[in-house]
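Me: I have a model open and would like to go through how its helices and strands are described. Could you take me through the reasoning behind the terms?

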Amino acid sequence: MAGVLERMARAGRPALHTLSPEEARALYAAGAEVLEVPRAELARVEDLQVPVRDGARLPARLYAPSREEGLPLLLYLHGGGFTIGSIDTHDVLCRELARLAGCMVLSLDYRLAPEHRFPTAVHDTWDALAWLAAEGERLGADPGRLAVGGDSAGGTLAAVAALWVRDQGLALALQLLIYPGTTAHQDTPSHERFAHGLVLERAGIAWFFEQYIGEGPQREDWRFAPLLAPELEGVAPAWVGLAEYDPLVDEGVAYADRLRMAGVPVQLEIYRGVTHEFIKMGRALPEARQFHQDAAAALRSAFS
C-alpha cells in the first residue's frame with residue numbers, strides 16, 4: 001500500500017477538491033482501472049435504463065455470469081462522494097462480484113451532485129430497488145433473492161436503502177456495505193488520524209459534501225447519515241468491509257455495532273494496512289483480491 005501511495009504522489013495529479021466537478025469526474029475516470037484486476041468476460045453484459053419517480057430514465061448496466069434464469073440479484077451503487085464515479089469506473093469490480101458470487105449485478109448510474117443534490121441519489125436508489133423488485137423476473141433474475149451494496153458514498157446509499165426496504169415490507173437478503181459513510185459531521189477520531197496522505201483526505205470529503213448537501217439541518221437527516229436513523233431493528237443482515245487506514249473506518253465500526261445492538265446479523269471485516277479505495281487496486285494489493293472473495297462469499301451465503 002505504501003508503494004501505491006508513493007507512485008500516486010509521484011504522478012503529481014491535482015487533488016480532486018481543487019478541480020471543478022466535471023474535471024474531477026474526468027480525472028477519476030482516467031485512473032479508475034489503472035490498478036484493477038483484468039476485466040472478466042461474462043456471459044451477459046447489457047446496458048439498460050431504470051425509470052425513476054420524476055420521469056427520468058437512469059443508465060444502468062446488468063452483469064450475469066451465465067444465461068441461467070432465476071439468478072439472485074445485487075443492486076450496486078458506486079462510490080465517489082456523490083459527485084464523481086459511474087458505472088464505467090466500477091465496471092471491473094461489478095464483473096468480479098458477478099463472476100465470483102454467481103449472481104446478477106445491476107450497477108446504477110444514480111444522479112450526481114452538484115447538478116442533483118441530496119436527496120436525489122437516495123430517491124434514485126429507492127426507485128431502482130422498487131423497480132428491480134417488480135421487474136427482476138423479466139430481467140431473468142429471482143426477485144425473491146435481492147441484495148443491495150455499494151462502496152463509500154454508495155455504501156451510504158445501500159445502508160439507507162436497506163432501511164427503506166424494511167419500511168416498505170420488501171425482503172432483502174443482504175446489505176453489502178463497503179467503507180460506508182454513516183455520520184453527519186465527519187468528527188470521529190479516524191477522520192483526524194487519517195486526514196492527510198491516504199487517498200481520501202479531509203479536504204476532499206469536505207468538498208464532496210459541499211457539492212452534495214452543504215451545511216445546515218439537512219446534515220442530521222438519516223438519509224445522509226444512517227447512523228442517526230431512529231431504529232435499525234429488522235433491517236437485512238449486513239456484511240461490512242472496512243479499510244484500516246481510512247477516515248471512514250470508525251463510523252463503519254460504529255454502524256456495525258449499532259446494527260448488532262439492534263439484533264441484526266453482522267459480519268465485519270477490517271482489511272489491515274490498506275486505505276480507502278483499496279478494493280479497486282487488485283493488480284497491486286492482495287487485500288483487494290481477498291475482499292473480492294470475501295464479499296462474493298457473503299453474497300453466495302445470503303442468497304442460499
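Reply: Gladly! Let us begin with handedness: a crossing is right-handed if the near helix is turned clockwise from the far one by less than a right angle, and left-handed if anticlockwise. In this predicted model, helix H4 passes helix H5 in a right-handed crossing.

Me: What makes H4 and H5 oblique to each other?

Reply: H4 (residues 120-135) and H5 (residues 153-168) pack at an angle of about 55°, and their axes are 10 Å apart. Angles under 35 degrees count as roughly parallel, over 145 as roughly antiparallel and 65 to 115 as roughly perpendicular, with the rest called oblique. The angle of about 55° falls into that remaining group, and H4 and H5 are therefore oblique.

Me: Which residues of H4 and H5 meet, and how do you know how many of them are nonpolar?

Reply: From H4 come Ala121, Val122, Thr125, Trp126, Leu129 and Ala130, and they meet Leu157, Val160, Ala161, Trp164 and Val165 of H5. Ala, Val, Leu and Trp count as nonpolar, while Thr belongs to the polar group. The contact thus divides into 10 nonpolar residues, 1 polar and no charged.

Me: On to the sheet. Why are E1 and E8 said to stand at the edges?

Reply: The open sheet has 8 strands in the order E1-E2-E4-E3-E5-E6-E7-E8, with mixed pairing. E1 (44-51) and E8 (266-275) each have a single partner strand, so one side of each is left without a neighbour in the sheet. From one strand to the next, the twist averages 20°.

Me: What makes the pairing mixed?

Reply: Follow E4 and its partners. E2 (residues 57-64) pairs with E4 (residues 104-108) in the antiparallel sense over 4 bridges, whereas E3 and E4 run parallel and are joined by 5 bridges. E3 also pairs with E5 in the parallel sense, over 6 bridges. A pair needs at least two bridges, a condition met by the 4 bridges of E2 and E4.

Me: Which residues stand opposite one another along these strands?

Reply: Leucine 106 in E4 is the bridge partner of leucine 62, and leucine 75 stands opposite leucine 106 too. Elsewhere in E4, valine 105 faces tyrosine 63 and leucine 108 faces leucine 77. In E5, alanine 147 stands opposite leucine 74.

Me: How do you know that both faces of E4 are covered?

Reply: In a regular strand the side chains alternate between the two faces of the sheet. On one side of E4 are Met104, Leu106 and Leu108, on the other Val105 and Ser107, and all are buried. Buried means under 20% relative accessible area, and 5 of the 5 residues of E4 are buried. E3 is mostly covered as well, with 7 of its 7 residues buried.

Me: Which strands does H5 touch?

Reply: H5 packs on the sheet and touches E3 (71-77), E5 (141-151) and E6 (174-178). The direction of H5 makes about 135° with that of E5.

Me: Lastly, what covers the buried residues of H7?

Reply: The cover includes H2 (21-31), H4 and H6 (189-193). Among the buried residues of H7 (residues 202-212) are Trp207, Phe208, Phe209 and Tyr212. After H7 comes glycine 214, with a positive phi near 70°.

Note on methods:
Residues are numbered from 1 along each chain as its sequence is written. This is a predicted model: local features need pLDDT of at least 70, side-chain atom pairs count only at pLDDT 80 or more; totals for chains, interfaces and linings use all residues. Side-chain values use heavy atoms; hydrogens and water are left out. Axes are lines fitted to C-alpha atoms, for helices over the stretch in contact, and angles run from 0 to 180 degrees between N-to-C directions. Helices (H or I, at least four residues) and strands (E, at least two) are DSSP runs, numbered from the N terminus. Contact means heavy atoms within 4.5 Å. Buried means under 20% relative accessible area, exposed over 50%, partly exposed in between (1.4 Å probe, protein chains only).
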